[in-house]
Structure formats: C-alpha cells, structure tokens
Amino acid sequence: MLLKDKVAIVTGATRGIGFAIAKQLCQQGALVFINGRDADKVAAVVSELTLEGFSAEAFVCDVSDADSVKNAFRLFIKKSKRLDVLVNNAGILDDALIGMVTQKQIVSTFTINTFSVLYMSQYASRIMARNKSGSIVNIASIIGTNGNRGQAVYGGSKAAVIGITKSLAKELAVSGIRVNAVAPGFIDTDMARSIPDDVFSERVNSVAMQRIGTPEEIAGTVTFLSSNLSEYVTGQVIGVDGGMLI
C-alpha cells in the first residue's frame, strides 16, 4: 500500500471528486479525515468507508471560514498528532458572463475556492513541519490554466490556487513539505451531468480522448502526489484532462 499508516485530510469529500479521492487514499492504507460542512453527510461517508473496512474519521467545518477551520484543527490534534497529506478539493462553480457577475458570486467563489486553500494549508503545514514531511495537493482546474468564456470568476479563483501552490512549494520545501496541484478537465460529476445535452456533447468533443474523465482518474493522480512515488515533485500543476482543448 502506498499510504500505509499515513494520515490525510480531504476537503469537500462527501461526494464527487472529493469522495473518490478519499476512498482511494483509504484503499492505499491511509487514515482519512472526511471534510464537509454538513455533519450528517460527513458521518454517512465515514460510516460507509468504515463498513468497507477502511479507516476514516470526521473533519466537520466550513473551509471558507477561518474560525471554523481553526476549531476543526483543534479537534483534529486531539485525534491525531501527525498529518501526512492534505487535499484541498472543496470548491464551487458559479458561471456568469462578466456583465452579469454579482459581488456575491465573486466573494462566495473566491472564499470557498481560494481562501480555503490558504486557511487549511496554514494549519496543516504547521503540523507537517513537526515531522519534516508532508504533501499538500490542491485541486485547481483547466479553467484556471487556460481560462474560458463566462468563467472569469471561477477561472480567476483557480488561477489563484495555482499561484498559491507554486508559492507554498517554495516556502515549505525547507520543512520537507511538497505542494502540488491537479488541474482536472471535464470530469463525470453531478455538476457535469446537469448541463444541457448539446453542451455536454460539445465538451466531450473538445477532449482529444473523446470521452469524459472519471473522478477516480483524478484520484489516481492525487494518490501519486500524496505518496513517496513523487517525493521529489513539488510546485507542479498536473493536468488531468484527456487532451481537452478550450
């Protein structure tokens, strides 16, 4: 197992890509702390993974709220004295053409997609530094690397995540902590399935591999970056997009 006896936190882990990441880390032997704002949903995922024979605990907080994150880490320290992996996955997508964007959309998107990465990384890195090792993996987006019409706010928030990733990689390397990002393309989630059929087909046709990606394929790259297989990799942004063109 690639992550035997390791401890991980995955944000936004109650569904979609976050759940796939959490489960794959569990499969590789890690104790995974499941994050979400809804305590009942978190408990359900923890129960599901535990019944499958995996090690999972709850990490309930609103990652966009600094005080909520602080309190969650206080509880975490009582359960675990170490942290090996942090996956900053929590995020929202709220598209609008620039002329229609509201201040509420801007604040909400950046608070959840970007500020949360800083809040979580701040506390996680302090714990990781004690053992002079650790891996932080931030989930960015192909929109953050390439941009897209009608997605200035979302793309901006994910581009900021990439900037944070590269800066933290340089800052934390001396403490033995690696920081990388994964930039997914068009991935098969509830959100992807909710768009109109013609738009769905258009997006698939823009992928060189001519198919939508799976959450498990994102999880595979995250697992690699979380493990010792990537122990000399830091400050990188890995696209997992099947050759998608935007």
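**Exercise 1. Place Cys 26 in its helix and find out whether Cys 26 is buried or exposed.**

Solution. Start with the secondary structure: Cys 26 belongs to helix α1. This is a predicted model, so the values below are computed from its coordinates. Next, look at accessibility: the relative accessible area of Cys 26 is 4%. Buried means under 20%, so Cys 26 is buried. Now list the neighbours: leaving out residues up to four places away in sequence, Cys 26 touches Val 32, Leu 49, Phe 54 and Ser 55. For a long-range check, take Asp 95, which is 69 residues from Cys 26 along the chain; their C-alpha atoms are separated by 33 Å.

**Exercise 2. Work out the strand order of the sheet and say which strands stand at its edges.**

Solution. Walk across the open sheet and you meet its 7 strands in the order β3-β2-β1-β4-β5-β6-β7, with parallel pairing. At the edges are β3 (55–60) and β7 (237–240); each has a single partner strand, so one side of each lacks a neighbour in the sheet. Ignoring direction, neighbouring strands are turned by 20° against each other on average.

**Exercise 3. Follow the pairing of β4 with β5, then decide how enclosed β5 is.**

Solution. First, the pairing: β4 (residues 85–88) and β5 (residues 134–139) are joined in the parallel sense over 4 bridges. Two facing positions help you align them: Val 85 is opposite Ser 135, and Val 87 is opposite Val 137. Second, sort the residues of β5 by face. In a regular strand the side chains alternate between the two faces of the sheet. On one side are Gly 134, Ile 136 and Asn 138, on the other Ser 135, Val 137 and Ile 139, and all are buried. Third, conclude: 6 of the 6 residues of β5 are buried, so β5 is largely enclosed by the rest of the structure.

**Exercise 4. Determine which strands α1 and α4 lie across, and at what angles they run.**

Solution. Take α1 (residues 16–27) first: this helix lies across β1 (7–10), β2 (31–36), β3, β4 and β5, at about 170° to β1. Then turn to α4 (residues 103–130), which lies across β1, β3, β4, β5 and β6 (177–184) and runs at about 175° to β4.

**Exercise 5. Describe how α4 packs against α6.**

Solution. Two packed helices are described by the angle between their axes and the distance between the axes. Here the axes of α4 and α6 (residues 152–172) come within 9 Å and cross at roughly 15°. Angles under 35 degrees count as roughly parallel, so α4 and α6 are roughly parallel to each other. The crossing is right-handed. As for the residues that meet, α4 contributes, among them, Ile 106, Phe 110, Val 117 and Leu 118, while those from α6 include Val 153, Val 161, Ile 164 and Leu 168. The contact residues divide into 11 nonpolar, 8 polar and 1 charged.

**Exercise 6. Characterise the surroundings of Pro 184.**

Solution. Locate Pro 184 in strand β6. With 6% relative accessibility, Pro 184 counts as buried. Beyond its neighbours within four places in sequence, Pro 184 is in contact with Ile 139, Ala 140, Ser 141, Ile 142, Ile 218 and Val 240. Finally, compare sequence with space: Pro 184 and Pro 215 are 31 residues apart in sequence, and their C-alpha atoms are 9.2 Å apart.

Key:
Residues numbered from 1 in each chain as written. Predicted model: local features only at pLDDT ≥ 70, side-chain atom pairs only at ≥ 80, totals over all residues. Heavy atoms only, no water. Pairing = 2+ DSSP bridges. Axes fitted to C-alpha atoms, helices over the stretch in contact; angles between N-to-C directions. Contact = heavy atoms within 4.5 Å. Parallel < 35°, antiparallel > 145°, perpendicular 65-115°, else oblique. Left-handed = near helix turned anticlockwise from the far one by under 90°. Nonpolar A, V, L, I, M, F, W, Y, C, P; charged D, E, K, R; others polar. Buried < 20%, exposed > 50% of the residue type's maximum accessible area, 1.4 Å probe, protein only.
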